[in-house]
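Please open the structure in your viewer and keep the sequence panel visible. The tour below proceeds by selections, each followed by a description of what is to be found there.

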Amino acid sequence: MLTDAGAGVATSSNAYRGSTVKLLLLAAAMFMVGTNASVIAGLLPRIAHGLGTTQGTVSYSITVYSVTVAVVAPLASIVLARVPRAVIMACGAAFFSIGTIVASESVNVGGFFGGRAIAALGGAALVPTASAVATDLVPPERRGRALALVAAGFTLASAFGTPLGTALGSAATWRLPMEALAAIGVLVGVGIAFGFRSMPRPVVVPLRHRLAPLADRRVLATVSTTLFMVVAGNVVFIFSATLTAPATGGSGTRLAVLLMVYGCAGLIGNQFAGRLTDRFGSRHIAITAICAVAALLVTLPFAVESYALCLTVFAAWGLVASGTSVPIQHRLVAIDPEVAPVTMSWNSTAMYVGIALAPPVGNLAISLGGSRFTPIPAALCVVLALVAFLVGLRPLRAAASATQAAGMGDAETGVPGA
């Protein structure tokens, strides 16, 4: 016969049963969304040729995609607050597949941009909802690992999705990888529709409460960290084909290998980041990873003449760059776990605003100093990300005053402060 304590353990265990399978399904959703966004980097020259336009023009389809997600994601969290999360994510997968097919079958830039915008509506529904759901599937002490597992979908997109898409596009046509992604979207949508039927509906949060986290300096600064890190990474990644051309010789296969090395290293770094964050907290892991990314980006312009050096720098960059997202998200959840779905939706918005800003920043850098100059503004963005994260770590004045008062009270009673 179970005691009360034993019954509590059993109830808790039942509440989280099957979480691994569900997390893997969410990771698959992240994989297809991440691949859809990043595969453009490897296929940029071929898409431009196929649509009869320039690479710079095609790069702005990433901006269209990202601006759509950035605007729609917070609006969807408000308008669809009473809709079951399984329905939101399943419909998101459907929009993703429809838009990707439209883009893949387009014969001009307008149709391609329109398809990307439709797919973006799916991303807006999937990404923030999946991140928030992930933290509900596991006990609090395993949130870091849950976020890492779901975020691994994005890392796998870099490790395998983008390189395989680049290789397929080089061997056949740039349309084939996009058609494959649309098919994955159908499978993921069906899996979510059946696998998450029992998920409880989220608590409806009034509009003023959804906006309230942005009034918290800690949240705003941490979200800004995400924005600057995403700008930095994508400025280099989107234009990696042009940047690394001296090392790859313009070979799509060599570029695919380079991107795969980056992604595989990121997969390793992502998993270590989750465990290290659970053990040591988000502060030290995030700061260390951000500083390492800045140093590597500064060295990248000097490595593009050698394929071996490029492989080395891309591997190290992937290892530490993927280690920044988990502690940043963990920090957001820790600030106020009760409003984690809201803060995660703003973090998703910041991520896509960062992706949207990357093409104009990259094109500006290329116009000023050529493709080899792109890592420099990227490194400056990483420095801004570090400053933002440090600002977000400072306690609020009210909390600091309360802590100080508690310490003085303890001193008066002879009890050491916490």
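What follows is a tour that begins with the whole chain and then turns to individual helices and residues.

**The whole protein**

Please bear in mind that this is a predicted model. Display the entire protein as a cartoon: it has 17 helices and zero strands. Of its 418 residues, 50% count as buried. Consider next the contacts in the protein with a separation of 6 or more: residues 24 or more positions apart account for 85% of them.

**Helices H3 and H5**

Select residues 55-79, which form helix H3, and residues 109-136, which form helix H5. The two helices pack at an angle of about 35°, and their axes lie 8 Å apart. The crossing of H3 past H5 is right-handed. To view the contact itself, show the side chains on both helices. On H3, the residues that take part include Thr 57, Val 58, Tyr 60, Ser 61 and Val 64. On H5, Val 109, Phe 112, Phe 113, Arg 116 and Ala 117 are among them. Sorted by class, this contact comprises 16 nonpolar, four polar and one charged residues.

Now centre the view on Phe 112, in helix H5. Is Phe 112 buried or exposed? Its relative accessibility is 0%, and therefore Phe 112 counts as buried, the cut-off being under 20%. Leaving aside neighbours within four places in sequence, Phe 112 is in contact with Val 58 and Ser 61, and also with Ile 40, Ile 47, Leu 51, Ala 103, Ser 106, Trp 174 and Met 178. Of these contacts, Leu 51 may be labelled next: Leu 51 and Phe 112 are 61 residues apart along the chain, and their C-alpha atoms are separated by 8.6 Å.

**Helix H7**

Proceed to residues 175-195, helix H7, which has 21 residues. From its first C-alpha to its last, H7 reaches 30 Å, close to the 30 Å expected at 1.5 Å a residue. Colour Pro 177, Met 178, Leu 181, Ala 182, Gly 185, Val 188, Gly 189 and Ile 192, which are buried. Why do these residues lie on the same side of H7? They cover an arc of only 140° around the axis, and so they fall on the same side of the helix. In general, an α-helix has 3.6 residues a turn, so residues three or four places apart point the same way.

Rotate the view to the face of H7 turned away from the buried side, where the exposed residues Leu 187 and Phe 194 are carried. To see what the buried residues of H7 pack against, add helix H2 (19-51), helix H4 (85-104), H5 and helix H6 (143-171).

**Ser 158 in helix H6**

Remain with helix H6 and select Ser 158. Ser 158 is buried, with a relative accessible area of 14%. Not counting residues up to four places away in sequence, Ser 158 touches Pro 163, Leu 259, Met 260, Tyr 262 and Gly 263. Label Gly 318 as well: the C-alpha atoms of Ser 158 and Gly 318 are separated by 9.0 Å, although the two are 160 residues apart along the chain.

**Helix H9 and helix H16**

Select residues 217-238, helix H9, with 22 residues. H9 reaches 31 Å from its first C-alpha to its last, close to the 32 Å expected at 1.5 Å a residue. How many of the 22 residues of H9 are buried? The number is 16, and H9 is thus described as mostly covered.

Within H9, centre on Ala 221, which is buried at a relative accessible area of 8%. Apart from neighbours within four places in sequence, Ala 221 is in contact with Ala 388, Phe 389, Val 391 and Gly 392. From C-alpha to C-alpha, Ala 221 and Gly 392 are 4.8 Å apart in space, with their positions 171 residues apart in sequence.

Next, select Leu 386, in helix H16 (residues 375-393). Leu 386 and Phe 228 are 158 residues apart in sequence and 8.9 Å apart in space, C-alpha to C-alpha. Residues up to four places away in sequence aside, Leu 386 touches Ile 287, Ile 290 and Cys 291.

**Gln 329 in helix H14**

The last stop is Gln 329, placed in helix H14 (residues 307-335). At 12% relative accessibility, Gln 329 counts as buried. Beyond its neighbours within four places in sequence, Gln 329 is in contact with Ser 131, Leu 147, Met 344 and Asn 347.

Terms used
Residues are numbered from 1 along each chain as its sequence is written. This is a predicted model: local features need pLDDT of at least 70, side-chain atom pairs count only at pLDDT 80 or more; totals for chains, interfaces and linings use all residues. Side-chain values use heavy atoms; hydrogens and water are left out. Axes are lines fitted to C-alpha atoms, for helices over the stretch in contact, and angles run from 0 to 180 degrees between N-to-C directions. Helices (H or I, at least four residues) and strands (E, at least two) are DSSP runs, numbered from the N terminus. A crossing is left-handed if the near helix is turned anticlockwise from the far one by less than a right angle, and right-handed if clockwise. Contact means heavy atoms within 4.5 Å. Ala, Val, Leu, Ile, Met, Phe, Trp, Tyr, Cys and Pro count as nonpolar, Asp, Glu, Lys and Arg as charged, and the others, Gly among them, as polar. The expected span of a helix is 1.5 Å times one less than its number of residues. Buried means under 20% relative accessible area, exposed over 50%, partly exposed in between (1.4 Å probe, protein chains only). The arc is that of the directions from the helix axis to the C-beta atoms.
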